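Trainee: I'd like to learn how to read the way helices and strands pack against each other. Could we work through an example together?

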Amino acid sequence: MNHIVFGVTGGIAAYKAVEAVRQLVLRGCDVKVVMTEHATRLVGPETFRAVSGNPVAVSLFDAEGKPIEHIYLARDADLVIVAPATANLLAKMAHGIADDLLTTTLLATRAPVLLAPAMNNLMYRHPATQHNLRLLRERGVHFVGPESGALACGEEGEGRMAEPQQIVDAAMGIFALEGDLSGKRVLVTAGGTREPLDPVRYIGNRSSGKMGYALAAASRRMGAEVTLVSGPTHLQPPAGVELVRVETAAEMREAVMAVAPGCDAVIMAAAVADFAPRESSGDKIKRRGKESLTLELVRTPDILGELSEGRAAGQVLVGFAAETGDLLARAREKLGAKGVDILVANDVSLPGSGFDADYNRAVLLFRDGTERALDLMPKAELAALIMREVAGLLGGKARERP
Ligand code: PMT
């Protein structure tokens, strides 16, 4: 059973923390809620006691007079979550201020910490808050959100707390992170490529980059030095990861080939275009006088194929297969054809899975012929499972067998 200390600070979003706690309990976690005094003005401790099934702690000196409660909480936790995490909490945590039960617990714990910031957009954008966020990220603190949208103060903007389900998914992703990649170099590709037709148009695909970014984040959390070669996305790169932005398949190939030789593992999650226009017009293609337009497309370089042919001994290669039918048959063919150690097969026609979704359902196919079918799960969790397998192949933790 996973033991979670769930901190609640005084933000309006505290009401959403109730649902997050409830969902964590449903997932089989033991959740102990710690509230700040301000938080108790927004949601009563009784509510959290009812959903968690545990007493709720607020003061450093509780009724039984146990002045070192924070040490027990900190020591027994597998994960500490704070949701909502106000600007004040971030500032205190960044600077080691411990003046109540929650902040002393945060200072005393060695467990991973997950924060769900929530505040007014101007407070979020303030240089002091941004500096504190950077400090905490550098220390390996995990974050979920904030999102953009309508804020409790009536303004619109960044600062809205992540939804309970996102908080639970992020927590599960952290629990799935076992295995050690410290001292290893990992290259991950993400997103789709864009093949230009003219200066304003391109042939592209629906990849959001979420799967690849989750793999880069998981690799980094497991201690690897990570290079992320990414097609255009709207995502923030994970902290501590070297980002190389590319646009076309040819640029992706060049970036990958420059970095791959020094890497212990290469994970090709990018949706690389298979074909690109033979020529890209220097001027915008005009519509006038044309009833139709014929484009000639040529094959793009097969980056994964080239990696597999030229790879150094011991390098682990992971490919993806995005299919819309006959998943296993096509994936088994690709496993052999691409010469990879692990092929992650995903059926991208399933609703709520694959392209641009937060979840994915995959089957892992291994070079030795074993296969492992996985349930639909958050991409963060799938990424952690894949990287755990990679760590196993690189000589870390033993591989989990189906
Ligand atoms: O980005 P998201 O929105 O999160 O979506 C995730 C995803 C669906 C894009 C991801 O899970 C995925 O399946 N990525 C691979 C998509 C793909 O291009 O699949 P493929 O079956 O066409 O290619 C097989 C493998 O060859 C892939 O590892 C691909 O990166 C690689 N490839 C493909 C073409 C090419 N020219 N060079 C390559 O290296």
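Trainee: How do the axes of H1 and helix H9 cross, and within what distance do they come?

Mentor: Good place to start, and bear in mind that this is a predicted model. In general, two packed helices are described by the angle between their axes and the distance between the axes. Here the axes of H1 and H9 (residues 164–175) come within 8 Å, crossing at roughly 45 degrees. That angle is why H1 counts as oblique to H9. As for handedness, the crossing of H1 and H9 is right-handed.

Trainee: Which residues in H1 and H9 meet?

Mentor: From H1 come Lys16, Glu19, Ala20, Gln23 and Leu24, and they meet Pro164, Gln165, Val168, Ala171 and Met172 of H9. Sorted by character, the residues of this contact between H1 and H9 are 6 nonpolar, 2 polar and 2 charged.

Trainee: Now the sheet, please. In what order do the strands lie, and is the pairing parallel or antiparallel?

Mentor: The general idea first: strands of a sheet pair through backbone hydrogen bonds, either parallel or antiparallel. In this model, 5 strands make an open sheet ordered S2-S1-S3-S4-S5, with parallel pairing. Strands S2 (30–35) and S5 (142–143) are the edges, each pairing on one side only. For a look inside, strand S3 (residues 79–85) is joined to strand S4 (residues 113–117) by 4 bridges; Ala85 has Pro117 in S4 as its bridge partner.

Trainee: Which strands does helix H1 touch?

Mentor: Helix H1 (residues 14–26) packs on the sheet against S1 (3–8), S2 and S3, and its direction makes about 175 degrees with that of S1. Helix H3 (residues 45–52) also packs on the sheet, touching S1 and S2, with its direction about 170 degrees from that of S2.

Conventions. Residues are numbered from 1 along each chain as its sequence is written. This is a predicted model: local features need pLDDT of at least 70, side-chain atom pairs count only at pLDDT 80 or more; totals for chains, interfaces and linings use all residues. Side-chain values use heavy atoms; hydrogens and water are left out. Two strands pair if DSSP finds at least two bridges between them. Helices (H or I, at least four residues) and strands (E, at least two) are DSSP runs, numbered from the N terminus. Contact means heavy atoms within 4.5 Å. Axes are lines fitted to C-alpha atoms, for helices over the stretch in contact, and angles run from 0 to 180 degrees between N-to-C directions. Angles under 35 degrees count as roughly parallel, over 145 as roughly antiparallel, 65 to 115 as roughly perpendicular and the rest as oblique. A crossing is left-handed if the near helix is turned anticlockwise from the far one by less than a right angle, and right-handed if clockwise. Ala, Val, Leu, Ile, Met, Phe, Trp, Tyr, Cys and Pro count as nonpolar, Asp, Glu, Lys and Arg as charged, and the others, Gly among them, as polar.
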